[in-house]
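Student: I have just opened this entry and would like a guided tour. Where do we begin?

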Amino acid sequence: MPDRRYEVRVTGLLSQRARDAFAGMDDADVTAETVISGLVHQDEQLHELLAMVQSLGLHVVSVQQVAP
């Protein structure tokens with residue numbers, strides 16, 4: 001399975017602690033949202049990423065696959 005790049009947009013700006021939870025992923029502040037993005041090698045990694053978002057109590061605005 002080829003690597004796929006995903007962007008997860010969440011409401012608000014993340015604290016440093018929350019950013020640290022997404023080690024290996026990129027993050028960028030965009031207006032009143034944060035975009036967390038990175039390569040996903042297996043479907044399981046996408047599920048783990050979304051589970052981390054949920055465990056931190058973040059509100060998901062969107063999840064989309066983007067060009068690598």
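**From one threonine to the whole chain**

Student: Is T31 buried or exposed?
Tutor: Keep in mind that this model is predicted. The relative accessibility of T31 is 79%. Exposed means over 50%, so T31 counts as exposed.

Student: Where is T31 found?
Tutor: Two strands flank T31. Strand 2 covers 26-30, and strand 3 is its other neighbour. T31 sits in the loop between strand 2 and strand 3.

Student: What distance separates the C-alpha atoms of T31 and E7?
Tutor: Along the chain, T31 and E7 are 24 residues apart. In space, their C-alpha atoms are separated by 16 Å.

Student: Now T34. Is T34 buried or exposed?
Tutor: T34 is found in strand 3. Buried means under 20% relative accessible area. T34 has 0%, so T34 is buried.

Student: Which residue has its backbone oxygen 2.7 Å from a polar atom of the T34 side chain?
Tutor: T34 touches several residues beyond its sequence neighbours, including V8, V10, L14 and A28. G12 is also among them. The backbone oxygen at 2.7 Å belongs to G12.

Student: Is S37 buried or exposed?
Tutor: S37 also has its place in strand 3. Its relative accessible area is 8%. The cut-off for buried is under 20%, so S37 is buried.

Student: Which side chain makes a polar contact with the side chain of S37?
Tutor: Setting aside residues up to four places away, S37 touches R5, Y6, E7, M25 and D26. The polar contact has a distance of 3.1 Å. The partner side chain is that of R5.

Student: And D26: which side chain makes a polar contact with the side chain of D26?
Tutor: D26 is in strand 2. Leaving aside neighbours within four places, D26 is in contact with R5, V35, I36 and S37. At 2.9 Å, the side-chain polar contact of D26 is with R5.

Student: How is D26 classed by relative accessible area?
Tutor: The value for D26 is 44%. That lies between the 20% and 50% cut-offs. So D26 is partly exposed.

Student: On to the largest pocket. Which element gives the largest share of its lining?
Tutor: Strand 3 (33-40) and helix 2 (43-55) each supply at least two lining residues. The lining includes L39, V40, Q45, L46 and M52. The largest share is 5 residues, and it comes from helix 2.

Student: How many residues of the pocket lining are nonpolar?
Tutor: The largest pocket holds about 210 Å³ of space. Its lining has 2 polar residues and 1 charged residue. The nonpolar count is 9.

Student: What pattern does the chain follow along the sequence?
Tutor: The protein chain has 2 helices and 4 strands. Read along the sequence, the pattern is β-α-β-β-α-β.

Student: Why is the chain said to be as compact as a globular protein of its length?
Tutor: The globule rule gives 11 Å for 68 residues. The chain is close to that, so it is as compact as a globular protein of that length. Its radius of gyration is 11 Å.

Student: What share of the 68 residues is buried?
Tutor: T34 and S37 have already served as buried examples. Across the protein chain, buried residues make up 26%.

Note on methods: Residues are numbered from 1 along each chain as its sequence is written. This is a predicted model: local features need pLDDT of at least 70, side-chain atom pairs count only at pLDDT 80 or more; totals for chains, interfaces and linings use all residues. Side-chain values use heavy atoms; hydrogens and water are left out. On a 1 Å grid over the protein atoms alone, a cavity is a set of points where a 1.4 Å probe fits but cannot get out, and a pocket is an open set with protein on both sides within 12 Å along at least five of seven lines; lining residues have an atom within 4 Å of a point. Grid points are joined across faces, edges and corners, and a volume is the space filled by probe spheres set on the points. Ala, Val, Leu, Ile, Met, Phe, Trp, Tyr, Cys and Pro count as nonpolar, Asp, Glu, Lys and Arg as charged, and the others, Gly among them, as polar. Buried means under 20% relative accessible area, exposed over 50%, partly exposed in between (1.4 Å probe, protein chains only). A polar contact is a pair of N or O atoms within 3.5 Å; within protein, one must be able to donate a hydrogen and the other to accept it, and residues adjacent in sequence count only if both atoms are side-chain atoms. Contact means heavy atoms within 4.5 Å. The radius of gyration is taken over C-alpha atoms; the globule rule is 2.2 Å times the number of residues to the power 0.38.
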